[in-house]
Amino acid sequence: MVTSFHVPRLVIAAPSSGSGKTTVATGLMAAFSERGLAVSPHKAGPDYIDPGYHALATGRPGRNLDAFMCGPDLVAPLFAHGAAGCDLAVVEGVMGLYDGAAGRGELASTAQVAKLLRAPVVLVVDASSQSRSVAALVHGFASFDPQVRLGGVILNKVGSDRHEVMLREALEEAGMPVLGVLRRAPQVATPSRHLGLVPVAERHTDALASVSALAAQVRAGCDLDALMALARTAPPLDCEAWSPHPEPSASTARESGGAASGDGAAPVIAVAGGAAFTFSYAEHTELLTAAGAEVVTFDPLRDEALPDGTAGLVIGGGFPEMYAPELSANEPLRAAVAAFAAAGGPVAAECAGLLYLGRSLDGKPMCGVLDADARMSERLTLGYREAVAVSDSALARAGTRLRGHEFHRTVIEPGAGAAPAWGFTHPERRVEGFVQQGVHASYLHTHWAAEPSVARRFTEAAAARR
């Protein structure tokens, strides 16, 4: 059933990466939250790290809107699911406003997400090396696609009062409202490394201080009332909110009350967390829970045993290469994971999880579930992938098609087992990953909202273990 859904909303975009989108978006989320508003945080694209800062700023899960992995038709429903009951939604864009999946036009761009959400766009411009030329730049972005509604500009890295006057005069000539001016403020910079910002889980106390400083900077430099007024101009969305629960006829397990085990108890699915495994989508836990699982988080850096009653194991992405000595030193947990997998327990591992299941990572012993060794690489592997499941597994039937994303600076050898997990069909053709017994391990990050059957299948495999 299609319903009308209305929440004030803004998309925070930029001409290019590095302009200050995360600074502005996170600062706005925090500043509006401090006003007592319920703010729904979102991130365009597949990024896992920025949503962690968004969650700190708002007290709500940071959620991704990815038109490639989930398809354009799911963007508005996923947004409506996350923003239900909120006073304001702020969507941080990805890359430059019109940049998306390579060779696919506007697909997965911030501009496409803004159009699908019928949301006004605020352009964050790094003004550090320009003055009057800013008007030509903004005019180009405002006129490139008439369906993208550019509602105003926030000028970042402004050097002085005189610089601000010149920028404002130029944009006034172009008829573009200036909704904020932020001066250069290195004290609120967030540390980065080889795959982007350092995740919140690795610097929680410092991250809280950073978010507070961003809120103060945005409060001082931006017209929050004007931004809220712009957000309120977004019209209603005609869509049904996404739900992790399947349609009643979609699953016999749902019809019979979910994937309960033989004794009627929900199967425990243990999900790796902590500083080494920070990459996850909120919808995955929601889908597992809706399928009948009891989801329990554990930390491979600290916990020496799997949670009691573990019947399924999910090890997502993160930065195990930064913690290889500590992960290796936790021998009791490595042995528990190896024993669980050897007994046929269902295991779903993505990227960092793949490395953790191997024999070694940068020479440090890992779980030894897979006959493969991993190491850091100088080469960044990054991009969207179209994939088909090659082998039947606890996660997917052979032939299941998914779109995903690779994002790593490591290499595992061999790159595929005797029964590969995925066959990539675009942009290159190759097989990748491992399926053995109950294990499905791969570099590919996927968004299960695009194919909820994988969560149900995995939960059913876990329930069958009880």
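This is a short tour of a predicted model, going from a pair of helix contacts to a pocket and then to a few unusual spots in the backbone.

**Stop 1: helix 1 and helix 2**

Start by selecting residues 21–34, which form helix 1, and then add residues 50–58, which form helix 2. The axes of these two come within 8 Å and cross at roughly 20°. Angles under 35 degrees count as roughly parallel, so helix 1 is roughly parallel to helix 2. Their crossing is right-handed.

Now show some side chains. On helix 1, pick Thr22, Thr26, Met29, Ala30 and Ser33; on helix 2, pick Asp50, Tyr53, His54, Ala57 and Thr58. Those are the residues that make the contact. What mix of classes do you get here? Four are nonpolar, five polar and one charged.

**Stop 2: helix 1 again, now with helix 8**

Keep helix 1 on screen and bring in helix 8, residues 224–231. These two pack at an angle of about 95°, and their axes are 12 Å apart. Helix 1 and helix 8 are therefore roughly perpendicular to each other.

For this contact, select Leu28, Ala31 and Phe32 on helix 1, plus Leu224, Leu227 and Met228 on helix 8. By class, that gives six nonpolar residues, with no polar and no charged ones.

**Stop 3: the second largest pocket**

Next, hop over to Thr278, Phe279, Ser280, Tyr281 and Ala282, which, of the 42 residues lining the second largest pocket, are the closest to its centre. The pocket's volume is about 820 Å³.

Which elements should you colour around it? Helix 2, from your first stop, supplies at least two residues of the lining, and so does each of these:

- strand 12 (268–272) and helix 10 (282–290)
- strand 13 (294–298) and strand 14 (310–315)
- strand 15 (347–350) and strand 23 (439–442)

Colour the lining by class and you'll find 25 nonpolar residues, 15 polar and two charged.

**Stop 4: backbone oddities**

Zoom in on glutamate 413 and proline 414: a cis peptide bond joins them, with omega at about 0°. Proline 414 sits in the loop between strand 19 (401–413) and strand 20 (422–426).

Then move along to histidine 426 and proline 427, where the peptide bond is also cis and omega is near 5°. You'll find proline 427 in the loop between strand 20 and strand 21 (430–432).

Last, select methionine 95, in the loop between strand 5 (88–92) and helix 4 (110–117). Although methionine 95 is not a glycine, its phi is positive, at about 50°.

Definitions and conventions: Residues are numbered from 1 along each chain as its sequence is written. This is a predicted model: local features need pLDDT of at least 70, side-chain atom pairs count only at pLDDT 80 or more; totals for chains, interfaces and linings use all residues. Side-chain values use heavy atoms; hydrogens and water are left out. Axes are lines fitted to C-alpha atoms, for helices over the stretch in contact, and angles run from 0 to 180 degrees between N-to-C directions. Helices (H or I, at least four residues) and strands (E, at least two) are DSSP runs, numbered from the N terminus. Angles under 35 degrees count as roughly parallel, over 145 as roughly antiparallel, 65 to 115 as roughly perpendicular and the rest as oblique. A crossing is left-handed if the near helix is turned anticlockwise from the far one by less than a right angle, and right-handed if clockwise. Contact means heavy atoms within 4.5 Å. Ala, Val, Leu, Ile, Met, Phe, Trp, Tyr, Cys and Pro count as nonpolar, Asp, Glu, Lys and Arg as charged, and the others, Gly among them, as polar. On a 1 Å grid over the protein atoms alone, a cavity is a set of points where a 1.4 Å probe fits but cannot get out, and a pocket is an open set with protein on both sides within 12 Å along at least five of seven lines; lining residues have an atom within 4 Å of a point. Grid points are joined across faces, edges and corners, and a volume is the space filled by probe spheres set on the points.
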